Amino acid sequence: MLRGRVLFGACLLLSALAAGAQPQETGSIAGHIRLTARVRAPLPANPYPSRAIGRHEAPAAPEIRNVVVYLRDPGFKGALPASHVELHQENETFVPHVLAITKGSTVDFPNDDPFFHNVFSLSSAATFNLGRYPRGKSKAQTFNKAGLVKVFCDIHSHMSASILVLDHPYFAIPGTDGNYEIRNVPAGQYTIIGWHERVGERAASVRVDAGRQAAVDLTVPVEDVP
Amino acid sequence: MTASTSSPAPQPPRLLVRTLGVILATVALLLIAVFVFVFVSVRDQVRQSVAAGLESGQRIYAAVENRRQRELQSQAATLAENPTLKATIDTYAAEARTASQARIQEWLATIDNELEKVAARVDSDALILADTHQTTLAAAGRLGDRWPRGRPIAMAAGKPSDTIDGVVRAGGMLFRVVSVPLQLADVPIGTLYLAENLDDRYAKELASLANAEIAIVSDGLLVASTLPQATAREFEAAAASRQPDGTAVLDGQAYAFRRLVQLGSTSFYALGSIDESSRAATRTAIRNLALIAAGAAALALIASFWLARMLSEPVGRLSASLAAAGRTPGARVQLARTGSSREVDTLTDTFNALMASVAKAEEETQAAYTGSIRALATALDARDPYTAGHSERVSVLSVAIARELKLPDDDIEVIRLGALLHDIGKIGVPDEVLLKAGALTEAEFNIIKQHPVAGARILRSVPFLLPHIPIVELHHERPDGRGYPHGLRGDEIPMHARIVHVADAYDAITSKRAYRNARPSGDALREIWRFAGTEFHAEVVGALATALPGVTSDTGELVVDHGEQVHA
C-alpha cells in the first residue's frame with residue numbers, strides 16, 4: 001500500500017507538470033475503493049443452476065471493476081469530450097459489465113459469440129433495441145442523455161450491463177487493485193461518489209487544490225466496523 | 001322293569017338334550033372367549049395399522065410432495081428466465097426513485113403483462129413477483145388480486161430470502177408458496193412465487209395423496225380440512241397442544257393423527273378414523289367368526305346326536321328288551337350284547353346273569369308249587385278209591401285235546417296244571433257226600449256243586465295260579481247253559497274250561513265207580529258225542545275223538561305222561 005502511494009506520488013508529479021500547461025488551475029483526486037458487500041450471492045437453496053452456458057469458462061472480471069467513482073454535479077462547462085468505446089458480448093456476458101462514458105459518446109456492441117445476441121434497454125436515459133445479430137457483427141448506440149442505462153439481451157436473460165452516462169468527464173473505474181485517479185479536476189469543493197449498481201453508493205467530500213492531488217479512500221457501501 | 005313313560009312325575013331330560021346342552025355350552029363359551037379376544041385385539045391392531053398407515057402416508061406424502069415442490073421450483077425457475085421480466089425489474093429497481101411516473105407505469109405494465117402470460121402457463125392459484133426486499137411488484141393468476149402491489153410478502157417461517165417454500169398469508173387467505181430467485185449473472189434481482197391456496201380443494205388433493213383425512217391448522221386455527229365440520233372444529237380446538245402424532249377422540253370418534261409437515265406455524269395433519277377402520281375389520285372378523293360358530297354349532301349338533309345315540313340307543317334297546325321281557329312274565333329273557341360300549345355290555349351281562357338266576361329261582365318255585373299241587377291233587381283223588389289218578393289223566397287228556405286244537409304252548413301249560421287242579425275244590429266236600437255209594441240227595445248234590453267255586457277261592461291266594469282259575473271254576477259249565485256254578489252259555493265259557501270239561505267227562509265214564517263198572521273208550525266217546533252241542537262243545541268233542549288214539553293204548557288205557565299206567 002505504501003509502495004502504491006509512492007508510485008502515485010510520482011504519477012501525481014507528472015500530471016502536475018502536464019497540468020501546468022493548461023489555462024485553468026486543476027488538481028486531481030486519487031484513492032482506493034473497497035467493496036465490503038458480497039455481490040454475487042447465489043441463493044444457497046436454489047436447486048437449479050443458472051441457465052447460462054459456458055459463462056464460467058472465462059474468468060469473471062473482479063467486482064471492483066464494476067465500481068464507478070465520479071463527482072456529483074461538478075458544474076462542467078464547455079465541450080464534453082465524446083468517446084467511442086466497445087462493449088463486447090462474449091461467453092454470454094457483456095464485457096465490461098459496467099461502463100462509464102460521457103454524454104454524446106457512442107458504444108459499439110460487437111458480438112464475439114458464435115450465436116445470436118440482442119441488445120436492448122428500457123432505461124429512461126436511453127430506450128433502444130438493436131435487434132438480433134450474429135457473430136462478427138456489431139451495432140452502435142449513441143447516448144445523448146445522462147443517466148444509468150441498463151442493457152440486456154432478450155435471448156440470454158442472465159446477460160446484463162450497466163452504462164453510466166455522465167455529463168462531465170470527472171469519473172474513473174478503479175483498477176483491479178482498487179486504486180483510482182480522476183485527473184484535471186478544477187480546483188474546488190466536490191462531492192465524490194463511489195457507486196456500484198447492486199450494493200449502492202457512498203459519498204464523500206473532497207477539496208481539490210490546484211496542482212495538488214486530493215486523496216479519498218472509499219468503502220462501498222459502508223465502512224467496516226473494526 | 002316296565003317302561004315308566006306314563007309316569008306323572010317330572011321326567012329328567014333326555015340324554016340327547018343333555019349332550020347337546022353340554023357341547024353347545026362349551027362351544028358357546030369358547031366362541032365368546034374368542035369373540036372377546038378378537039374384539040380387543042382387532043381394535044388394538046387397527047389402532048396400530050391406522051397409525052402405520054398414517055406413517056406410510058406421511059412418507060409417501062413427503063416423497064411426492066418433495067418431488068412436486070421440486071417440479072414446481074423447476075417450473076418456476078424456467079418461468080423466471082423471462083428476459084423481458086428480468087430486464088424490466090432490473091431497470092425498474094435501478095430507476096424507481098429517479099424515473100418519471102409515466103416511465104414507471106410503463107415498466108409496471110410490462111411486468112404485469114409478462115406475468116399474466118406466464119401465469120396462463122401454470123396452474124398455480126397465483127403467480128407473484130417480488131423485488132429483492134420481498135415486496136410485491138406484481139401478481140397474476142386466479143387469486144392474483146389477493147397480492148396487492150407494494151405489500152411485503154411475510155413468510156410465515158424464517159427469513160423470506162432464506163425460504164424457498166413456505167406458507168404465506170395474503171388477502172385473508174393462506175397460500176403454500178414455492179419461490180425461485182430471479183438472477184442476473186448470479187445476482188438476485190427479485191423473487192418469483194408460485195402460490196397455491198390452502199383451501200378445502202387443496203386438502204382434498206392432499207387427502208387423496210396421503211390416503212387419509214387432512215386438516216390444515218395455522219396459528220391454532222383450522223384453515224381447511226376434509227373432516228366433517230364438527231370433527232374438524234374439535235380437532236382445531238385441541239390443535240394448540242397437539243403433539244406431532246397420537247390419537248384423539250373427536251366428536252365421539254377415535255382418530256389417529258400424524259403431522260405430515262410443519263411450515264412455520266402451519267401444520268398439515270393426516271387423520272385416520274380408528275373406529276371406522278375397526279368397524280370394518282370387526283365386521284369381517286364377526287362374519288368369519290359367525291361362519292365358524294355356525295360350523296361349530298352344526299358339528300356340535302352332529303357330534304351330540306352321534307354321542308347321544310351311541311349312549312342312548314343301546315340303553316334304549318336294552319330297556320326295550322326289558323320291557324318286552326316284562327310283558328311276558330316267566331319267559332326266559334336273554335339280552336344280546338349291544339357292542340356299543342363296555343359299560344353297556346357289562347350291564348347287559350349282569351342283567352342276563354340276574355335274569356338267569358331269577359328264572360332259575362322262579363322255575364324252582366314253580367316246580368315246588370306244581371309238585372305240591374300235584375301231591376294235593378293226588379291226595380284228593382286218593383280220598384275216593386274210584387277216582388285215584390283221575391286228575392293226572394284229565395290233565396294228560398286235556399293237553400292232548402288242546403294240542404289237537406292247535407292252542408299255543410302257553411295255553412297248553414295253563415291247561416296242563418289247571419286240569420290237574422280242576423277238582424281241588426272237592427277238598428271242602430265232606431267224605432259222606434263225596435264217598436256216598438248211593439244216589440245223592442238234592443242237598444248233597446248242591447254241596448258237590450260248590451266245588452268249582454271253592455277251588456277257585458283256594459287258587460286265588462296263589463298269584464301264579466291266577467290263569468288256572470277259570471278252568472277250576474268253570475269246568476262244569478255247559479254250552480246249553482244248564483251247567484254250574486254260573487250257568488254260562490256257549491262262547492261265555494273259556495276254551496280251557498271246555499276242554500277240561502270234556503276230558504273230565506271222558507275219564508269219569510271210563511272209570512269204575514262204586515255204583516257201576518268202567519265203560520270202554522268207544523262207549524264213552526259215543527256217550528259224549530250224543531251230548532255234543534248241549535252238554536259239551538262239539539269242536540272240543542271232535543278234538544277228543546281225534547286225539548284219543550294218541551293218548552290211549554290198544555286196550556283203551558290212558559297213558560299218563562309220567563309213565564304211570566292207569567286202569568280204565
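Which residues of β1(B) are buried on one side, and which on the other? In this predicted model, B:A126, B:I128 and B:A130 are buried on one side of the strand, while B:L127 and B:L129 are buried on the other, leaving both faces of β1(B) covered. Strand β1 of chain B spans residues 126–130, and 5 of its 5 residues are buried. The split between the two sides fits a familiar pattern: in a regular strand, side chains alternate between the two faces of the sheet.

The partners of this strand come next. β1(B) runs antiparallel to strand β5 (residues 187–197) of chain B, to which 5 bridges join it, and B:A126 stands opposite B:A195 in β5(B). β1(B) is also joined by 4 bridges to strand β2 (residues 136–140) of chain B, again in the antiparallel sense, with B:A130 opposite B:T136 in β2(B). The hairpin formed by β1(B) and β2(B) has 5 residues between the strands, and here B:Q134 takes a positive phi near 55 degrees.

From β1(B) the view opens onto the nonpolar interior. B:I128 is in contact with B:T136, B:A139, B:W147, B:I153, B:Y193 and B:A195, leaving aside its neighbours within four places in sequence. Together with A:I163 and B:I214, B:I128 touches the most other members of the largest nonpolar core, which holds 121 residues. Helix α1 (residues 15–80) of chain B supplies the largest share of this core, 10 residues. Apart from it lies another core, of 42 residues, including B:L420, B:L421, B:I471 and B:V540.

A second part of chain B worth a look is an open sheet of 5 strands, ordered β7-β6-β10-β9-β8 with antiparallel pairing. Its edge strands are β7 (221–225) and β8 (245–250) of chain B, each pairing on one side only, and the twist averages 35 degrees from one strand to the next. Within the sheet, strand β6 (residues 213–218) of chain B pairs with β7(B) over 4 bridges, and B:S218 stands opposite B:L221 in β7(B). Helix α1(B) lies across β8, β9 (253–263) and β10 (266–273) of chain B, at about 20 degrees to β9(B).

Finally, helices α8 (residues 390–404) and α9 (residues 409–420) of chain B pack at an angle of about 155 degrees, with their axes 7 Å apart. The two helices α8(B) and α9(B) are therefore roughly antiparallel to each other, and α8(B) passes α9(B) in a right-handed crossing. Residues making the contact include B:V394, B:S398 and B:A402 of α8(B), along with B:I412, B:I415 and B:L420 of α9(B).

Methods
Residues numbered from 1 in each chain as written. Chains lettered and ligands numbered in written order. Predicted model: local features only at pLDDT ≥ 70, side-chain atom pairs only at ≥ 80, totals over all residues. Core = buried A, V, L, I, M, F, W, Y, C linked by C-beta atoms within 7 Å. Buried ≥ 20, exposed ≤ 12 C-beta atoms within 10 Å, placed from the backbone. Contact = placed C-beta atoms within 7 Å. Pairing = 2+ DSSP bridges. Axes fitted to C-alpha atoms, helices over the stretch in contact; angles between N-to-C directions. Parallel < 35°, antiparallel > 145°, perpendicular 65-115°, else oblique. Left-handed = near helix turned anticlockwise from the far one by under 90°.
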